[in-house]
Amino acid sequence: KDGGIMAVKLIRAKELVKSDLIGKSDPYAVIKHGSQKFTTKVIKNSQDPEWNYEAQVTIPDQGDKAITIELFDSDKIGKDKSLGSISFDASQIVKQKVIEQGWYPLGGVESGQVLMSADFLPVSPSMARDILRPGLPTDGHKNLEVNRPLLEKKSEGIYECTYTKKSWETRHTG
């Protein structure tokens, strides 16, 4: 499988539909792929919000074939309304390594476009495994964090064995 990191840059949007009856929308965007979800900040009262947001999306994720960017209107009352979305085929991006920066039309709405780009950085399988499963030990890192007992001479005839790991020390000494 081709795996790696997709750096999705969401710069701004324009001509967004007005979902509020009074005034303008408070748009934000959500970038989704598999179980990953990245949310931009909310821009108040704007049909042309500027985010300059970058999401580092790990591909592949749970067999999801697409990377989806959906825009919402942040609403204090009720559910946030969709302002349209756009999806990219993940495998296409992996092949092309890039989504050229440009304006892409949002689907499911009458108007609205997003200015964005993306770059794909292939990652070797072992690195991808570390990224996809953070915190789990992998074979390559066995030697990095080893608990080595340190024998400290406290006074004549008494040696105290403490471990280099802090969590152990606080539980077992003092």
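**Reading strands, sheets and backbone angles**

Analyst: Strand 2 (residues 27–33) and strand 5 (residues 66–73) pair in the antiparallel sense over six bridges. This is a predicted model: local features need pLDDT of at least 70, side-chain atom pairs count only at pLDDT 80 or more, and totals for chains, interfaces and linings use all residues. Residues are numbered from 1 along each chain as its sequence is written, and side-chain values use heavy atoms, with hydrogens and water left out.

User: What do strands and pairing mean here?

Analyst: Helices (H or I, at least four residues) and strands (E, at least two) are DSSP runs, numbered from the N terminus. Two strands pair if DSSP finds at least two bridges between them. Here is one bridge to look for: P27 has D73 of strand 5 as its bridge partner.

User: In which order do the four strands of the open sheet with strand 5 come?

Analyst: The order is 3-2-5-6, with antiparallel pairing. Strand 3 (36–39) and strand 6 (81–89) are the edge strands, each pairing on one side only. Neighbouring strands of this sheet are turned by 20 degrees against each other on average, direction ignored. For such angles, axes are lines fitted to C-alpha atoms (for helices over the stretch in contact), and the angles run from 0 to 180 degrees between N-to-C directions.

User: What is the order of the open sheet that holds strand 7?

Analyst: This open sheet of four strands has the order 4-1-8-7, and its pairing is antiparallel. Its edges are strand 4 and strand 7, each with pairing on one side only. From one strand to the next, the twist averages 15 degrees. Strand 7 and strand 8 (residues 113–122) run antiparallel and are joined by six bridges; W103, for example, has L115 in strand 8 as its bridge partner.

User: How should I read phi and peptide bonds?

Analyst: Most residues other than glycine have a negative phi, and most peptide bonds are trans. Now try some cases here. The peptide bond from I59 to P60 is cis, with omega near -5 degrees, and P60 sits in the loop between strand 4 (50–59) and strand 5. N52, in strand 4, has a positive phi near 45 degrees without being a glycine.

User: Is N52 buried or exposed?

Analyst: Buried means under 20% relative accessible area, exposed over 50%, and partly exposed in between (1.4 Å probe, protein chains only). N52 is exposed, at 53%.

User: What about K97?

Analyst: K97 is not a glycine either, yet its phi is positive, about 70 degrees. K97 lies in the loop between helix 1 (90–96) and strand 7 (98–105). With a relative accessible area of 38%, K97 is partly exposed.
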